[in-house]
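Colleague: Hi! Could you walk me through this one before I set anything up?

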Amino acid sequence: MMRLLAYSLLILISFGACKTQKKNSYKLHSPSEGFRLDSELDEISGLHYLSESSILAVQDEAGILYYLNGNDGSIQETYKFGKKGDYEGVTAYKDDIFILKSNGEITVINRDKDKKKIFKFKNSKGFDFEGLCMDEKNNRLLVACKTHGDKDKNDHIRIYEFKLKSKSYGKSPVYKVSKNNISRLFSPSAIAIHPNGNIFVLSSTAKMLICLSPAGELIYKEALLKDMFNQPEGITFSSDADLFISNEKKNKYPTLLKFNK
């Protein structure tokens, strides 16, 4: 049985504002709900909101798709889609579920789970991807790059597109955001699009959440409390803009946190 986590009110810590910064509407120091997840999800690494009562999740050690109850974090259903591997993101659109591997490989499963296809990121040597979300407006997936194959190019946050029509990656990043006004430690661990179109990118290494405009401009950045976000690796939004963030176990236990809009 999942236990509702009790969080005491903590003081919000924020980094110095940049010129583009605007107020964040989410109280990231005070979740509306927080759930301790099953130990099977110690390495939870990706989230996708399906409905009020169901959230998709993956963990980065096993090829298993999890359906979580959005009201208490419990595991409703599981589906084994592949072998052991480093799975880092999940999203869904229409009849398909998409699962990201750290090398950029994307597995596509139809909702009936009777068909599966795998698409690769070419020249993936040295690349590490850790974020996947659906960009319905542009008929594509956004894939966040944690580490670029060329180490000299890690001074920017790079986000690639996977085009749904051609089932292929674009040659160059669709977004390239300098880390100068963010943090040199910022490496994406998850990505999600808010219902208003803004792009949210989470970083476990920097313990930070940033918000980008649909054009890729930095709107604001916000530090995350280490005691609450022990290892933030998953992010998703409900259709009415509630925010969900998941944390891997690290030194504590895996959690699912909800922040009302």
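Modeller: Happy to, and we can begin with the whole chain and then go through some strands and loops.

Colleague: Is this an experimental or a predicted model?

Modeller: This is a predicted model.

Colleague: Good to know. How many helices and strands does the protein chain have?

Modeller: The protein chain has 0 helices and 21 strands. Its radius of gyration is 17 Å, close to the 18 Å that the globule rule gives for 261 residues, so the chain is as compact as a globular protein of that length.

Colleague: And what box do the C-alpha atoms fill?

Modeller: Along the principal axes, they fill roughly 45 × 45 × 30 Å. Of the 261 residues, 56% are buried. The accessible surface comes to about 12700 Å², and carbon and sulfur atoms own 46% of that.

Colleague: What about the charges, how far apart are the mean positions of the positive and negative ones?

Modeller: They are 6 Å apart, with 40 positive and 32 negative charges in the chain.

Colleague: And what share of the contacts with a separation of 6 or more comes from residues 24 or more positions apart?

Modeller: That share is 46%.

Colleague: Let's zoom in. Is strand E16 mostly covered or mostly open?

Modeller: Mostly covered: E16 spans residues 199-203, and 5 of its 5 residues are buried. Ile-199, Val-201 and Ser-203 point one way, while Phe-200 and Leu-202 point the other way.

Colleague: So which residues are buried, those pointing one way or the other?

Modeller: Both sets, since all of these residues are buried.

Colleague: Which way does E15 run against E16, parallel or antiparallel?

Modeller: Antiparallel, with 4 bridges joining E15, residues 190-193, to E16. Ala-190 stands opposite Leu-202 there. The two strands form a hairpin with 5 residues between them, and Gly-197 in the turn has a positive phi of about 100 degrees.

Colleague: And how many bridges join E16 to E17?

Modeller: There are 5, and these strands also run antiparallel, with E17 covering residues 208-212. Val-201 has Ile-210 in E17 as its bridge partner. This hairpin has 4 residues between the strands, and Lys-207 takes a positive phi near 50 degrees.

Colleague: Why does a positive phi on a lysine catch the eye?

Modeller: Because most residues other than glycine have a negative phi.

Colleague: Where else do you get a positive phi in a residue other than glycine?

Modeller: Ala-241 is one of them, with phi near 80 degrees. Ala-241 lies in the loop between E19 (232-237) and E20 (243-247). Lys-250 is another, with phi near 50 degrees, and is found in the loop between E20 and E21 (255-259).

Colleague: Are those two buried or exposed?

Modeller: Ala-241 has a relative accessible area of 10%, so it counts as buried. Lys-250 comes in at 46%, so that residue counts as partly exposed.

Colleague: Who else sits in the Lys-250 loop, and is Asn-251 buried or exposed?

Modeller: Asn-251 is in the loop between E20 and E21. Its relative accessibility is 72%, so Asn-251 counts as exposed. The C-alpha atoms of Asn-251 and Gln-231 are 9.1 Å apart, and the two residues are 20 apart along the chain.

Colleague: Back to the E15 and E16 hairpin. What about His-194 in that loop?

Modeller: His-194 lies in the loop between E15 and E16, and at 12% relative accessibility it counts as buried. Leaving aside neighbours within four places in sequence, His-194 is in contact with Tyr-26, Phe-200, Phe-237 and Ala-241.

Colleague: Ha, Ala-241 again! Changing topic: where is Met-134?

Modeller: In strand E10, which covers residues 128-135. Met-134 is buried, with a relative accessible area of 12%. Beyond neighbours within four places in sequence, its contacts include Thr-91, Tyr-93, Leu-164 and Ile-193.

Colleague: Last one: what joins E8 to E9?

Modeller: There are 4 bridges between E8 (residues 106-110) and E9 (residues 116-119), which run antiparallel. Val-108 stands opposite Lys-117 in E9. They form a hairpin with 5 residues between them, and Lys-113 in the turn has a positive phi of about 60 degrees.

Colleague: Great, thanks!

Note on methods: Residues are numbered from 1 along each chain as its sequence is written. This is a predicted model: local features need pLDDT of at least 70, side-chain atom pairs count only at pLDDT 80 or more; totals for chains, interfaces and linings use all residues. Side-chain values use heavy atoms; hydrogens and water are left out. Buried means under 20% relative accessible area, exposed over 50%, partly exposed in between (1.4 Å probe, protein chains only). Two strands pair if DSSP finds at least two bridges between them. The radius of gyration is taken over C-alpha atoms; the globule rule is 2.2 Å times the number of residues to the power 0.38. Contact means heavy atoms within 4.5 Å. Accessible areas come from the Shrake-Rupley method with a 1.4 Å probe; for residues, only the protein chains shown count as cover. Lys and Arg count as positive and Asp and Glu as negative; His and the chain ends are not counted. The place of a charge is taken as NZ of Lys, CZ of Arg, CG of Asp or CD of Glu.
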